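Trainee: I should be grateful for a close look at the loops of this model and at the helices and strands that accompany them. Which backbone features there deserve attention, and how is the surrounding chain arranged?

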Amino acid sequence: MPDQWMVIVTGPRLIEELRRFPDDTSSFYDAASDLFELDTSFGPDLKEDPFHVALLRGQLTRNLGNMFPNMMNEMKQTFDDLLPVHGDGWIRTPLLVPVIQKLVARVSNYAFVGYPMCRHDKYLELAIKHSDHIAWTRKLLIMFPRPLKYLVARFARRTRNNVLEGQKILLPLIQERIRIVKNNDKDNAPQDVLQYITEAALSKNKGIEGISRSIFATNWAAIHTSSSTFVYALLDLAAHPDYASEMREEVERVIGEEGWTKDAMTKLWKVDSFMRESLRLNGMSAVSMFRKTRKPVVFSNGVRIPAGTILVAAARDTHMDEEYYPDPHTFDPWRSYRKRVNSEREVEGELYSSYSPTHLHFGLGKHAWYDPHVNYLRKILSRK
Ligand code: HEM
C-alpha cells in the first residue's frame, strides 16, 4: 500500500498462529482503523469503544430466532417490491447491484432499526453510500503522511456528513428509543439493534451522534459484504442454471415440511454448499484477518515481525490451493455437500458460515463473523 507495508501470512499453520496472537499483541481495531482511516474520518470513538459489536454478536444473534418470521416476511415483501415476478416468471433488471444492495439494506435494517424506518428510501440510500464514502476518504488520505491526514480529514467530510444527514432522519426514532430507556418502558421496547445500541450508549454517556454512528458502522459492515456475496451467487446461478432445479427441489421439500423457520434453514445443505463454493471463487477480498502488531511477534518459521506492522492472511491463495480444494478452478457447488453427506457426523467446518484456516471469508478467531443473510438465496429459490 502506498502509505505502509503489509505482511501476508500464508499457509494454514502460520494463519492459525496469527489467529492465536492476543489482541494486545496484534489488534484488529488498530488495523481496521489504519486501513479504513476510521480515526480520521469517524473520530477515535469507533476504534476505542466499538460497543455495538458485542451487541450484534450477543443480543442480535440471540434474538434472530424470534425475529426470523417477521424478517422473512419483510424479505418476501422486499423481493416483491424490488424484483416483482410477473407472467412467465422472468424479469429484466438492468442494474443488478443497486437493486440487490437496496434489498439487502432494507431487510438488514428491519433488524437494525425496525419497520417502517427500514423502508425509508433516503435513509437506505445513505446507509448504502456510507461504504463508498469510507472508501473515498481512504483513497484520498492514503496519499498523505499520518500527521497531515488529520489536517486533510478536516476538509474531507463525506463520511461524517453522511452520518449527520442520516442522524437527522433517525432523530425522532432515536428520541423515542431514548424515552423508552429512560422510562424503563420495557413493554414498548422493540427488539432491534437500535434499541440495544441506545441502551448501551446511554449507560456510557454517549449521545445521539454516538448512536447514529454505531448504526451506520453496522450498516457499513453488513450491506456491501452481504450484497456482493449474493450478487455473485446469482451470477453463478445464471452461469450454471442446471443446479437451480436441484436446489429448488431441496428448498421446496424442506420448507414444505418445516415452513420458513430458522431451524429449517440449517437443513438446506445444497444451497449452503453452493453459496460456499461461490464465495470461494469470488470472495470480496484476496486477504482476510487484518491485524496490526502492537508488540514484535515471531512466527514458528523464525520470521520476526516488528511492532506497528499490518498482518493479513492470504485468503484467495488458500481458497485456490489444490491441497484443500482439488481442481480449484472448477466451480463445483457440491464440494462441501458431498463431504457432509459422506461423513458420519456433522462436519462443522464445511458450512458456508464456518471458519477455519482454510476457509477465511469471515476471518478467523475472536473477530470472525458469519453471514446470516445466506437466506436471500434460499428465498429466491423458493419463488415461482
Ligand atoms: C457475506 C457477508 C459477510 C462477510 C464476507 C463478512 C466478513 C467479515 C470479515 C472478514 C471480518 C473480519 C474478521 C477477522 O478479521 O477475523 C468481519 C468482521 C465484522 N463483521 Fe462481517 N461479514 C459479513 C457480514 C456481516 C454482517 C451482515 C454484519 C452485521 C450484522 C457484519 C458485521 C461485522 C462486524 C461488526 C465485524 C467486526 C467484528 C469484531 O470487531 O470483532 N458482517 N466480517
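Mentor: Helices are DSSP runs of H or I with at least four residues, strands are runs of E with at least two, and both are numbered from the N terminus. The model is predicted, and the description below should be read accordingly.

With these element names, asparagine 205 can be placed in the loop between α10 (193-203) and α11 (208-239). Its phi is positive, about 55°, although the residue is not a glycine. A residue is exposed if 12 or fewer other C-beta atoms lie within 10 Å of its own; asparagine 205 has 7, so it is exposed.

Aspartate 327 can be described in a similar way. This residue is found in the loop between α15 (315-319) and α16 (335-342). Aspartate 327 is not a glycine, yet its phi is positive at about 50°. It counts as exposed because it has 9 C-beta neighbours inside 10 Å.

Another loop, between α6 and α7 (121-141), contains proline 116. Tyrosine 115 and proline 116 are joined by a cis peptide bond, with omega about 5°. Glycine 114, just after α6, takes a positive phi of about 80°.

Helix α6 itself covers residues 96-112, 17 residues in total. From its first C-alpha to its last it reaches 24 Å, close to the expected 24 Å. Of its 17 residues, 13 are buried, so the rest of the structure largely encloses α6.

Helix α14 (residues 269-282) has 14 residues and a reach of 20 Å between its first and last C-alpha, close to the 20 Å expected. Because twelve of these 14 residues are buried, α14 is largely enclosed by the rest of the structure. Among the buried residues are the charged side chains' positions Lys270, Asp272, Arg276, Glu277 and Arg280, together with Trp269, Phe274 and Leu279.

Strand β3 (residues 287-293) completes the picture. Six of its seven residues are buried, so β3 is also largely enclosed by the rest of the structure. Two bridges join it to strand β2 (residues 26-27), and the two strands run antiparallel. Within this pairing, serine 27 has lysine 292 of β3 as its bridge partner. Four bridges join β3 to strand β6 (residues 310-314), again in an antiparallel arrangement. There, valine 287 is the bridge partner of alanine 314 in β6.

Note on methods
Residues are numbered from 1 along each chain as its sequence is written. This is a predicted model: local features need pLDDT of at least 70, side-chain atom pairs count only at pLDDT 80 or more; totals for chains, interfaces and linings use all residues. The expected span of a helix is 1.5 Å times one less than its number of residues. A residue is buried if 20 or more other C-beta atoms lie within 10 Å of its own, exposed if 12 or fewer, and partly exposed in between; C-beta atoms are placed from the backbone. Two strands pair if DSSP finds at least two bridges between them.
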